[in-house]
Amino acid sequence: MIRAGRRKYAQNSEELAAAMGVTIGTFRNKQPYADEGFPPKISSDEARVKLWDSEQTAAYLAGRPIPELPQEDDEQDLLDRNEAAAELGVSPKTWDKNYKTHPQIAPHLTMVKGVEHCPRGIVQAFRGGKDTGGAPKGRPKGSGDMVPRDEIPARVGDLLDEDPAVTLATVQDRVGLSYAAAARALPRLRGERIADLLQGEPDLTPEEAATRLGYPTAVQRTALTSAATELRARRTQPYLQRIADVLAGAGLAEAQDVRVQRLEGDVLAAAVALSGSGAPALVWDERYGWRTAVSKRHPIGKETGTPPEGDGIRYLSEHQQPEPAELLAALTDRRHGFQRPKTIHPAGGALQG
């Protein structure tokens, strides 16, 4: 990147070759910039056009100490296409196709030594959904979500704080999410808030909780369904954590916090990574109970149906929530196994304290 205020020092290969007194052909063949101690490029590693800071290269060629460049990011830093794409969490091709032509970004692009750059502040403002001068905010058509997944709940939660009746369209526009991502995040957060209120005031009915929170009647059905799933997850989590703690105490796993995940159809699942067993992990699915997994990195996987036994997968109990002792015995006895259990579907939309 070109640090703020240092645009005038940007130097391309032809200029650096001239400063060194060699032809551009010799420069490219010998690649003196690869020598140890040569000032690093200020262009991204993947950039087609290489750029350097001329103050640094001049000092190097004169045998003087190389001056340090600013280390802290500044809104006026100039980012090339690779750096701007990385700032948004997209590929350079996606930046070229969907982002740099957006009205919020295009007017601010600038050419430096034949390379298109964008100020860091413009990229950050676009990512945060802020206005950069009257241009429309939001997500370019056909592009991916602009917000890192772990930031989505907080961003959507802020909008719910402002307006409990906020629409999916507003979430898409203000946060920069696809329709599918907004349709997952908004009902889930509404459900979590209903669950919080019900746990704090058990005498409330779910419908009363939704109304008190200001949720319109039109969205209450999905919010209540999500709240039912959230309450099931909260009731189940202590059991899953107890299993993980027992496995750690038996030397079969490291101490870990168990996170309950939602699969397609609001099915709950969780994984416990193992370290002292032949299986890399255990997976709990509320429909089938416990089974061994074949992958430690992605133990649950995308499969939401019943995984078949064999190829490293074994069901460890005929119960959906066996006691830790039963699970431990089944796990340590490799001859032990159960036929694939019958599916027990989780409770639907009914909420229970």
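# A tour from a small lining to two cores

Select Leu-79, Asp-80, Arg-81, Trp-95, Leu-109, Glu-116, His-117 and Cys-118, and you have the residues that line the second largest cavity of this predicted model. The space enclosed there comes to about 30 Å³, and a search of the whole structure finds 2 cavities of 30 Å³ or more. If you colour the selection by residue class, the lining resolves into 4 nonpolar, 1 polar and 3 charged residues. Strand β5, residues 115-119, supplies the largest share of this lining, with 3 residues.

Keep β5 in view and add its partners. The three-stranded open sheet has the order β3-β5-β4, with antiparallel pairing. Its edges are β3, at 78-79, and β4, at 110-112, each of which pairs on one side only. Between β4 and β5, which run antiparallel, there are 3 bridges, and a useful place to centre the view is Met-111, which stands opposite Glu-116 in β5. Glu-116 is also one of the residues that line the cavity where the tour began.

Before moving on, it may help to show the whole chain as a cartoon. The protein chain carries 12 helices and 9 strands, and 43% of its 353 residues count as buried. Among the contacts in the chain with a separation of 6 or more, 54% are between residues 24 or more positions apart.

Next, select the helical region that holds the largest nonpolar core. This core has 25 residues, and those with the most contacts inside it are Val-156, Val-171, Leu-177 and Ile-194. The elements that give two or more residues to it are α7 (152-162), α8 (168-176), α9 (179-200), α10 (206-212) and α11 (217-249). Of these, α9 gives the most, with 9 residues.

Which residues is Ile-194 in contact with, leaving aside its neighbours within four places in sequence? Show its side chain together with Pro-206, Ala-209, Ala-210, Leu-213, Tyr-215, Ala-223, Leu-224 and Ala-227, and the full set of those contacts is displayed.

A second core, separate from the one just described, has 22 residues, and Leu-247, Val-272, Trp-284 and Leu-316 are included in it. Selecting Trp-284 leads directly to the next stop, the strand pair formed by β8 and β9.

Strand β8 covers residues 281-285, and 5 bridges join it to β9, the two running antiparallel. A hairpin makes the connection from β8 to β9 through 3 residues. Within the pair, Val-283 stands opposite Arg-291 in β9. Strand β9 itself, residues 289-293, is mostly covered, since 5 of its 5 residues are buried.

Finally, step along the chain to Val-294, which is found in the loop between β9 and α12 (324-332). Is Val-294 buried or exposed? Its relative accessible area is 54%, and because the cut-off for exposed is over 50%, Val-294 counts as exposed, whereas the residues of β9 are buried. To close the tour, draw a distance between the C-alpha atoms of Val-294 and Ala-281: the two residues are 13 apart along the chain, and the separation is 7.3 Å.

Notes:
Residues are numbered from 1 along each chain as its sequence is written. This is a predicted model: local features need pLDDT of at least 70, side-chain atom pairs count only at pLDDT 80 or more; totals for chains, interfaces and linings use all residues. Side-chain values use heavy atoms; hydrogens and water are left out. On a 1 Å grid over the protein atoms alone, a cavity is a set of points where a 1.4 Å probe fits but cannot get out, and a pocket is an open set with protein on both sides within 12 Å along at least five of seven lines; lining residues have an atom within 4 Å of a point. Grid points are joined across faces, edges and corners, and a volume is the space filled by probe spheres set on the points. Helices (H or I, at least four residues) and strands (E, at least two) are DSSP runs, numbered from the N terminus. Ala, Val, Leu, Ile, Met, Phe, Trp, Tyr, Cys and Pro count as nonpolar, Asp, Glu, Lys and Arg as charged, and the others, Gly among them, as polar. Two strands pair if DSSP finds at least two bridges between them. Buried means under 20% relative accessible area, exposed over 50%, partly exposed in between (1.4 Å probe, protein chains only). A nonpolar core is a set of buried Ala, Val, Leu, Ile, Met, Phe, Trp, Tyr and Cys residues joined through side-chain atoms within 4.5 Å. Contact means heavy atoms within 4.5 Å.
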